[in-house]
There are 2 protein chains.
Amino acid sequence: MPRPSSFTVDEMRDRALRVFWRRGYGATSMGDLVSMAGLNRQAIYASFGGKRDLYLSCFERYQDTIVTPAFAPVEGPGRGLDAIRAYFAYQIDAADRLDLRGYGCFVANATAEIAPHDAAVRAHVAQHRARLTGGFAGALRQAAGSGPAGEAASVAPLAETLFVFATGLWTVARVESDGDRLRSSVGALLDMVEGRLS
Amino acid sequence: MPRPSSFTVDEMRDRALRVFWRRGYGATSMGDLVSMAGLNRQAIYASFGGKRDLYLSCFERYQDTIVTPAFAPVEGPGRGLDAIRAYFAYQIDAADRLDLRGYGCFVANATAEIAPHDAAVRAHVAQHRARLTGGFAGALRQAAGSGPAGEAASVAPLAETLFVFATGLWTVARVESDGDRLRSSVGALLDMVEGRLS
DNA sequence: CTTGTAGCAGAACAATCGTTCTGGTACTGG
DNA sequence: CCAGTACCAGAACGATTGTTCTGCTACAAG
């Protein structure tokens, strides 16, 4: 019987995700993944196929392990403006706590860097965008109640605005290590949204 | 006497800017700059030093020829909320008109892709951020008048929010060719800001 | 038209990239 | 303890990268 692998496939994805998340696709070499993430060259090719396949796998891993835990409250029952506030707070806190300052959002980084030249990445980005705008729209509708502000046509542009803001926030987070500056602009936006709904 | 150059230095910067703007730093090779931008290899090294130096030069060229014309009204006299609206409209229109769809903002792209690993780029990004937040803050103060909403401490978080939103808008523009979707979220945000100030 | 200067195109270069290959090794089942 | 399997580390490979080098060429001055 063979020797067992050092890492499971998901452990490899987690480790590679960290490097791609921080350095992006172009600036990450296979050598970086070996030396920084501690992965085995051969294992990457055996388990994923190559660098790009690994990157795509890390994209899905990011959605499952980072986006979903943070964003699920916005999508679940009892959601509202507080759930949206909690989403932003959760992600900013996590960056502070887990030493993820300067990482930003994997999806936002991918949108700026390679989505324009890579159809598969672009498709993942579009799916992420639809998910977040949909979640925001649902939470806004819930927060506005059954009045005129709660109609779908009314919350859609607001949800889009929240998504655009979120994308910008995580991009700014790439060069901003002070979480409080991020929290300040989040607060300013959500206070305005709250005023608009009530 | 020698043969004159095909391009002036600024023409070379303009041509290289287009390629870097669209493809980013990592995905742009010197061969791309030769074949896509029509530049001469030797001329690049003679005039700029190398790939990174050319990129940095294009960064400044972008600020001078793209950011300044669009953002100057926000910084000038008589500025207000309309000037901010005009800035967003001008940039979205320019992308439609000049076939710049999918380009986004050179600075936002640089923020996501390489600012974290390159101190010189990071410094340029920080300067750009200070300029835009400062301009937004001044226009907001003007728009709010001398009431309590016009105090510096009050408009600062709002200006930061506008900058974060703008960064996100141009990042989303990398994968969104429909200018109307961008205009819609701009309108939703600025309507809220207007409500907050009055 | 001649001359001389510097710009230009493409070859050549070393370094680095993603990928593949090879031998030794660690581990499980019997 | 033994044997066999597949994992691991590092060398090796071709392709591509940024950069430099080499003639040739186009053009302005005389």
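By class, the surface near DNA strand D has nine nonpolar, eight polar and five charged residues. That surface belongs to a predicted model, and it is a good place to enter it. In total, 22 residues lie around DNA strand D. Those that come nearest are A:Pro2, A:Ser6, B:Arg3, B:Ser29 and B:Gly50. Both chains therefore appear in the list, as the names show. Three helices give two or more residues each to this surface: H3 of chain A, and H2 (30-35) and H3 of chain B. The largest share, four residues, comes from H3(A).Now turn to DNA strand C. Here 21 residues surround the strand. The closest are A:Arg3, A:Ser29, A:Gly50, B:Pro2 and B:Ser6. Helix H2 (30-35) and helix H3 (41-47) of chain A supply at least two residues each, and so does helix H3 (41-47) of chain B. H3(B) provides the largest share of the surface near DNA strand C, with four residues. Sorted by class, the residues near DNA strand C are eight nonpolar, eight polar and five charged.

Next, consider a single chain. Chain A has nine helices and zero strands. Along the sequence its pattern reads α-α-α-α-α-α-α-α-α. Taken along the principal axes, the C-alpha atoms of chain A fill a box of roughly 65 × 35 × 30 Å.

How do the two chains relate? A turn of 180° and a shift of 0.0 Å along the axis lay chain A on chain B, with an RMSD of 0.0 Å. The two copies are thus related as by a two-fold rotation axis. The same surface serves both copies, as 100% of the contact residues of chain A recur in chain B. To find the axis in the structure, look for A:Gly168. Of the residues of chain A, A:Gly168 comes closest to the rotation axis, with its C-alpha at 1.7 Å.

The contact between the chains comes next. In chain A, 41 residues are in contact with 42 residues of chain B. Four helices of chain A each supply at least two residues of the side that touches chain B. They are helix H6 (106-113), helix H7 (119-144), helix H8 (152-172) and helix H9 (179-197). H8(A) gives the most to this side, with 12 residues. By class, the side of chain A that touches chain B holds 20 nonpolar, 15 polar and six charged residues.

One helix pair across this contact deserves a closer look. Two packed helices are described by the angle between their axes and the distance between the axes. The axes of H6(A) and helix H6 (residues 106-113) of chain B come within 9 Å. They cross at roughly 130°. H6(A) and H6(B) are therefore oblique to each other. The crossing in which H6(A) passes H6(B) is left-handed.

Which residues meet there? From H6(A) come A:Ala108, A:Asn109, A:Ala112 and A:Glu113. From H6(B) come B:Ala108, B:Asn109, B:Ala112 and B:Glu113. By class, the residues of this contact are four nonpolar, two polar and two charged.

Notes:
Residues numbered from 1 in each chain as written. Chains lettered and ligands numbered in written order. Predicted model: local features only at pLDDT ≥ 70, side-chain atom pairs only at ≥ 80, totals over all residues. Near = placed C-beta within 6 Å. Nonpolar A, V, L, I, M, F, W, Y, C, P; charged D, E, K, R; others polar. Least-squares fit on C-alpha atoms with pLDDT ≥ 70 in both. Contact = placed C-beta atoms within 7 Å. Axes fitted to C-alpha atoms, helices over the stretch in contact; angles between N-to-C directions. Parallel < 35°, antiparallel > 145°, perpendicular 65-115°, else oblique. Left-handed = near helix turned anticlockwise from the far one by under 90°.
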